[in-house]
Structures are given as structure tokens and as C-alpha cells.
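Reader: I am new to this structure and would like a close look at one part of it. Please take me through the strands and what is joined to them.

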Amino acid sequence: MRIRRILAAVFATAALAGLGLTGAATAATAGSVTAIAGSVTPGECTDNGGTIDRSTPVLPTCRGGMYDGQTVD
């Protein structure tokens, strides 16, 4: 009986630790996906080392820097 309680506690701790690691990895990935998929303001583009390319057909695009290739609002 005592061994069952100890094993249950070990498995529960391992499961919770695994969820914590998975949650941290998901949060880190979600943050980077959001930064890649969204559009940026002209100030964000230029402040992070980019230039605004207005020759693109639909929307201006940030060229260079941290937000390279993203559309500019």
C-alpha cells in the first residue's frame, strides 16, 4: 500500500513536470510565430534595422532588420 502511494506521487510529479516543460516550449514557439505572421508599424520596422519597401504590389514590406519580409501597416 505504501509503495503504491509513493509510485503514484512519483508519476504525478513526473506528469506535472512534463506539462510544465511542454507549456514553456509552446509559449516560446507561440511567441515567435506571432512575431513572424503579423504586420508591423513603420516605426517598428525602422527601429529594428529595416527599411520600408513601398514598391511591393499590395502593401509596403519591411526589408532587412528583425522584421524582414513582413507587411507594414
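Author: What follows starts with the whole chain and then turns to the strands and the residues around them. The model is a predicted one.

The protein chain has 2 helices and 2 strands. Read from the N terminus, the order of these elements is α-α-β-β. The chain has 73 residues, and 14% of them count as buried. Its exposed surface comes to about 5,400 Å², with 67% of that supplied by carbon and sulfur atoms. Among contacts between residues at least 6 apart in sequence, 26% join residues at least 24 apart.

The strands are S1, residues 51-53, and S2, residues 61-63, with a loop between them. One link between the two strands is a salt bridge, in which the side chains of Asp-53 and Arg-63 meet at 3.3 Å, N to O. Asp-53 belongs to strand S1 and Arg-63 to strand S2, so the pair ties together parts that are 10 residues apart in sequence. A search of the whole structure finds 1 salt bridge. Asp-53 is partly exposed, because its relative accessibility is 22%, a value that lies above the limit of 20% under which a residue is called buried. Arg-63 is also partly exposed, with a relative accessibility of 37%.

The loop between S1 and S2 holds Thr-56. This residue counts as buried, because its relative accessibility is 17%. The side chain of Thr-56 reaches the backbone oxygen of Leu-59 at 2.3 Å. Leaving aside residues up to four places away in sequence, Thr-56 touches Thr-61 and Arg-63. Arg-63 is thus met twice in this account: in the contact with Thr-56 and in the salt bridge with Asp-53.

Strand S2 also carries Cys-62, which is joined to a helix. Cys-45 and Cys-62 form a disulfide, with their sulfur atoms 2.0 Å apart. Cys-45 sits in helix H2, residues 42-47, and Cys-62 in strand S2; the two are 17 residues apart, and the pair links distant parts of the chain. The torsion about the S-S bond is about 90°, so this disulfide is right-handed. A search of the whole structure finds 1 disulfide. Both ends of the link are buried: Cys-45 has a relative accessible area of 1%, and Cys-62 has one of 0%.

The segment after S2 comes back to this part of the chain through Val-72. Val-72 and Cys-62 are 10 residues apart in sequence, and their C-alpha atoms are 6.3 Å apart in space. Val-72 is buried, because its relative accessible area is 5%. Not counting residues up to four places away in sequence, Val-72 touches Val-40, Thr-41, Pro-42, Ile-52, Pro-60, Thr-61 and Cys-62. One of these residues, Thr-61, is also touched by Thr-56 from the loop.

To put the pieces together, S1 and S2 are tied by the salt bridge of Asp-53 and Arg-63, and S2 is linked to helix H2 by the disulfide of Cys-45 and Cys-62. Thr-56 touches Thr-61 and Arg-63, while Val-72 has Thr-61 and Cys-62 among its contacts.

Terms used:
Residues numbered from 1 in each chain as written. Predicted model: local features only at pLDDT ≥ 70, side-chain atom pairs only at ≥ 80, totals over all residues. Heavy atoms only, no water. Helix = DSSP H or I, 4+ residues; strand = E, 2+ residues; numbered from the N terminus. Buried < 20%, exposed > 50% of the residue type's maximum accessible area, 1.4 Å probe, protein only. Polar contact = N/O pair within 3.5 Å; in protein donor to acceptor, adjacent residues only side chain to side chain. Contact = heavy atoms within 4.5 Å. Disulfide = S-S within 2.5 Å. Areas by Shrake-Rupley, 256 points an atom, 1.4 Å probe, with all protein chains shown as cover. Salt bridge = Lys/Arg side-chain N within 4 Å of Asp/Glu carboxyl O.
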